[in-house]
Amino acid sequence: YKENVMKKIFLLPVLLFQFLLLFSSPKTELDSVYAKLDETMQRVDEYVALKERQIYEIKQMFNVQNLTPEQEYNINEKLYLEYNWFKPDSAMIYARSNFEIAQKLGNDYWLYLTKFNLAGLYQKSGLYLDAIELLNSIDRKKLPENLTAKYFSAYKALYQHYSAITNDLNKYNSYNDSLFLHSARESSAY
């Protein structure tokens, strides 16, 4: 049962994209969009097997003798990225491990990145208050300039979803405006 649920979660972004194509395509293209969607659904086991193979190969990196904490952090980050939309509960394990590594090393930059990762996972899981608490623990004045846009992006994503529950778009709009002001012109956030 859990495996079927994970397959559905993995396919969600793909299906959403296909769904958007469906409604943005002229009627004459609907048949081809439906055909592509059907093909995608029929190949779900293939996509899951490929993702699991990629994850297995990354996990093999843990077998290297005398891994440094920095190397372990980098492997965990790769696993977090692979699991993020595939199995968010597994992504949480690697993000939390990186949080501990960043704390032990006193690496504030990695700590900030990991907090953004965890806040995103909390948000996906509906743990909005935990995500808010985690993001509120970041002192924006101490944040490196190159992480400012990521900071506002994390808050924007959080309040985009949280506002659906609270019916209050004020914070979402505020963080959206801040993100716009702190993003490079060539970035997708701009």
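**Salt bridges and a pocket**

Let's start with a pair of side chains. Glu-39 and Arg-43 form a salt bridge, with their closest N and O atoms 3.4 Å apart. Keep in mind that this is a predicted model.

How exposed are the two partners? Glu-39 is partly exposed, at 34% relative accessibility. Arg-43 is partly exposed too, at 30%.

Arg-43 also has a salt bridge to Glu-46. Here the closest N and O atoms are 2.7 Å apart. Glu-46 has a relative accessible area of 43%, so that residue is partly exposed as well. Put together, Glu-39, Arg-43 and Glu-46 make a network of salt bridges.

How many salt bridges does the structure hold? Three. The one still to mention joins Lys-51 and Glu-82, at 2.8 Å from N to O. Lys-51 sits in helix α3, residues 44-59, and Glu-82 in helix α4, so this pair ties together parts that are 31 residues apart in sequence. Is Lys-51 buried or exposed? Its relative accessibility is 15%, and the cut-off for buried is under 20%, so Lys-51 counts as buried.

Now the largest pocket. Its space comes to about 440 Å³. Three elements each give two or more residues to the lining: α4 (69-83), α6 and α8 (148-166). So α4 turns up again: Glu-82 of the salt bridge is in that helix.

The lining counts 17 residues. Which of them lie nearest the centre? Trp-85, Gly-120, Gln-123, Lys-124 and Ala-157. By class, the lining splits into seven nonpolar, seven polar and three charged residues.

Take one of those central residues, Gln-123. Gln-123 belongs to helix α6, residues 108-124. Its relative accessibility is 11%, so Gln-123 counts as buried. What does Gln-123 touch, beyond its neighbours within four places in sequence? Tyr-128, Ala-131, Ala-157, Leu-158 and His-161. Ala-157 is on both lists: a contact of Gln-123, and one of the lining residues nearest the pocket centre.

Last, confidence. The chain averages a pLDDT of 83. Of the residues, 72% score at least 70. Where is confidence highest, and where lowest? Helix α4 is at the top, with a mean of 98. Helix α9, residues 170-181, is at the bottom, with a mean of 55. Where pLDDT is low, the predicted coordinates should not be read in detail.

Terms used:
Residues numbered from 1 in each chain as written. Predicted model: local features only at pLDDT ≥ 70, side-chain atom pairs only at ≥ 80, totals over all residues. Heavy atoms only, no water. Helix = DSSP H or I, 4+ residues; strand = E, 2+ residues; numbered from the N terminus. Buried < 20%, exposed > 50% of the residue type's maximum accessible area, 1.4 Å probe, protein only. Contact = heavy atoms within 4.5 Å. 1 Å grid on protein atoms, 1.4 Å probe; cavity = no way out; pocket = protein on both sides within 12 Å on 5 of 7 lines; lining within 4 Å. Points joined across faces, edges and corners; volume = space filled by probe spheres on them. Nonpolar A, V, L, I, M, F, W, Y, C, P; charged D, E, K, R; others polar. pLDDT = per-residue confidence, 0-100. Salt bridge = Lys/Arg side-chain N within 4 Å of Asp/Glu carboxyl O.
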